[in-house]
2 protein chains.
Amino acid sequence: MRDFLPEDVRRREYVIGIITRVYERYGFEPLETPAVENIETLLGKYGEEGNQLIFKILKRGEHEASGQADLALRYDLTVPLARVVAQHQSKLPRLFKRYQIQPVWRADRPARGRFREFYQCDVDSLGSSSPMVEAELCAAMSDALTELGFDDFVIRINHRELLTSILSVAGVGAYQHGDALVALDKLDKIGPAGVDGELANRGIEEQARNALLQVFLPPDPGDATPVGVLPRVAAFVTGDEAGQRAVASVQAIMELVAQTSAAGKVRFDPSLARGLSYYTGAIMEINVADLAGSLGGGGRYDNLIGMFLGQNIPACGFSLGLERILVVMTERNMFPPALATTPADVMIATFDASGAGAAMRLAAMLRATGLRVLVYPDPEKIGKQIKYADSRRIPFVALLGDDEIKAGTVTVKNLAAQTQATYDQSAAGAAIRQGLTQRG
Amino acid sequence: MRDFLPEDVRRREYVIGIITRVYERYGFEPLETPAVENIETLLGKYGEEGNQLIFKILKRGEHEASGQADLALRYDLTVPLARVVAQHQSKLPRLFKRYQIQPVWRADRPARGRFREFYQCDVDSLGSSSPMVEAELCAAMSDALTELGFDDFVIRINHRELLTSILSVAGVGAYQHGDALVALDKLDKIGPAGVDGELANRGIEEQARNALLQVFLPPDPGDATPVGVLPRVAAFVTGDEAGQRAVASVQAIMELVAQTSAAGKVRFDPSLARGLSYYTGAIMEINVADLAGSLGGGGRYDNLIGMFLGQNIPACGFSLGLERILVVMTERNMFPPALATTPADVMIATFDASGAGAAMRLAAMLRATGLRVLVYPDPEKIGKQIKYADSRRIPFVALLGDDEIKAGTVTVKNLAAQTQATYDQSAAGAAIRQGLTQRG
């Protein structure tokens, strides 16, 4: 887990600020939940591997010695949302769109862009099964990434029931679906022959393997009249009702997306599976070429809230991973240069301790104009004070010597331009503000 | 621990926003640390009671069954700061002013304004022993509370070494200082006779008791020529060098504060003790009449960083308690009425599923003008959709019927004024923005 020094925090706040503004434009409302949940709320929601990765908190006081845990750190933001809906249902609107940007904790092995404490930026729409929900989520993600400066991301979409249907039609037994998906997920990395071998190793018969590869392989680039991926998959599951419904759902979402700012960003990918077990419908994932993992992902989960509420509420959500976005933005140098890297607009320097009161008065006047003001607290040599301001990239230094204090003036030094001018103290704030504007 | 629904989050963000802006104006820079610290970092820093209140995290994996903890949740923001300074010293400036607004966790019994997860809003200045540091902290606290709308708070100030000096001069043995402070702390509640009894019960002799009460009692209101509290205490410790230094320090701070926006807000109170053991100099606390606890507090702690770094760095900090500020502001109804309580500026209603694409296009156009737009996702009866908008206090509804879609127009309903008008879709954003401005 990491400390964030001032420059890190400002970059994080910059990204969170843009994501928040986009989420608000889509009518999502903020929600925050505690870092700590009852352990029963979390256990069993993320699979066996997830259970292992949950940070568990010891009972307190006399029960501490038992070595037992009754609380745990939040593992994602979706399960707490489901708990909130069950717990506060009467206070929540029938259609509830919420965003939540908070840290989660997983006892995972750290890797590039993967940390044990990391922020998720979630949006979820509860209460509607309309494909407009998925389309709006894709548009919101696209707007957020575009405003951050990304122009090369792809949102891949698939459907859980379509995956099931394809596997069934291909002749893979229901008990082998999980194994088959793990193998198919590697198509990009190990190619068709590799996947075929993996499928064979997992006991899937040749006929099924051939059928699967035929569906999942990208169209032959030499084909003069290629059939799109979605029509090809639709033809494959044409005899299966659930599969047809899933195809229609994906088609409806993609047609609506074409009307939004995400037009051209969303691509159907029948091999997209996504790990979490609670998805029931459309699933989505965002990738860029220079990051192995995803920048975000989500999907429809119509049954999860029912586990807490005893009554299903249709739900669909999307999550952006703050840390991964920051990794890529840092590597690509995507932050605006103007992002504050200095603690103040102006530093007040004093010549001796007797000037401290005058420095405090001047600071109050400058702050009242909205300036960020650092008062150098010790009457050290002026050269040393100016050197400090320079090292912190503070653009202006206000010098308060005995003459200035007597006359009610202040000498303002522009460190970059190496110029200085003396002002009435009451006029110094405006002069510095103007100087800041000119610097840009 | 609590969930924060949208209205709660907006109130919290409002308060945090004001506090952050004030802290930035004083040249403080943001820092964030992980929720989880190594357990050794925290144990022994908050006294025996503190150790009990720390949430401890079980070891993971094969070590989980041991029942042992190796990590713990952050208990305050000061000890993590000291650790950060030791760990990242080469990357930090010689004078480091940081703010940190993050949650901390204590396994305490909940009470009014006291929760097990709560936010602290800390500022700390590291690297200077100047009284300007304390004076600036008082001014920053005063500005933050004033901008939040408080006008009746008092910042009390005292000095740890002055307390020690008073007790020594009064003849209280060093081993009885802790007991004596606990008793004197109750002066407001149980009166002089009560305190005298408590002091006697704790084995403090009559001569010492009388001397203490003489110093700590407020001046007799019938006295025609009352002596101020600070001169009276200064006279009492006149023979004790450490006491004299402490008096001079308090005097210097108060003279500087008089030059800031906190002038008139700071009062010397020789009975202020504050619990935490790491303070070494000035201590401060902020109170309002209608809250038993404090809104915030702080002080100088010149030795804490040395526990991590092996080398002392002078330090002084102040912390505002977000939860207590929110409790008082809620009870006093201090939030601006304009604080958003609606998820959107405008809701788009559609008459049937075939209008979904047109709704998405219109939403994208309106959002591009900066409006917050909710698309009602299901083509239910228009009356039901408008009722939903009304219940969520969404001021405008955009109606997209077949005629509007064909004509490229939209009918905008102002729910409060019960008026409506039809616009070209490209002009609707500006019209709604104007309507929002007129509503104020």
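Colleague: Which domains does the assignment of chain A give, and what distance separates their centres?
Modeller: In this predicted model, the domain assignment of chain A gives domain 1 as residues 6-331 and domain 2 as residues 346-439. Taken over C-alpha atoms, the centres of domain 1 and domain 2 of chain A are separated by 53 Å.

Colleague: What relation holds between chain B and chain A?
Modeller: A turn of 180 degrees, with a shift of 0.0 Å along the axis, lays chain B on chain A with an RMSD of 0.1 Å. The relation is therefore that of a two-fold axis.

Colleague: Which residue of chain B comes closest to the rotation axis, and at what C-alpha distance?
Modeller: The same surface serves both copies, since 100% of the contact residues of chain B recur in chain A. Of the residues of chain B, the one that comes closest to the rotation axis, by its C-alpha, is B:G67, at 1.8 Å.

Colleague: Are α14(B) and α17(B) parallel or oblique to each other?
Modeller: Helix α14 of chain B, residues 356-368, packs against helix α17 of chain B, residues 425-439, with the axes 9 Å apart and at an angle of about 45 degrees. The crossing in which α14(B) passes α17(B) is right-handed. With angles under 35 degrees counted as roughly parallel and 65 to 115 as roughly perpendicular, the two helices are therefore oblique.

Colleague: How many charged residues are there in the contact of α14(B) with α17(B)?
Modeller: From α14(B), the residues B:L362, B:M365 and B:L366 meet B:Q425, B:S426, B:A428 and B:G429 in α17(B). The residues of this contact divide into four nonpolar and three polar, while the number of charged residues is none.

How values were computed
Residues numbered from 1 in each chain as written. Chains lettered and ligands numbered in written order. Predicted model: local features only at pLDDT ≥ 70, side-chain atom pairs only at ≥ 80, totals over all residues. Axes fitted to C-alpha atoms, helices over the stretch in contact; angles between N-to-C directions. Helix = DSSP H or I, 4+ residues; strand = E, 2+ residues; numbered from the N terminus. Parallel < 35°, antiparallel > 145°, perpendicular 65-115°, else oblique. Left-handed = near helix turned anticlockwise from the far one by under 90°. Contact = placed C-beta atoms within 7 Å. Nonpolar A, V, L, I, M, F, W, Y, C, P; charged D, E, K, R; others polar. Domains from an automatic or database assignment. Least-squares fit on C-alpha atoms with pLDDT ≥ 70 in both.
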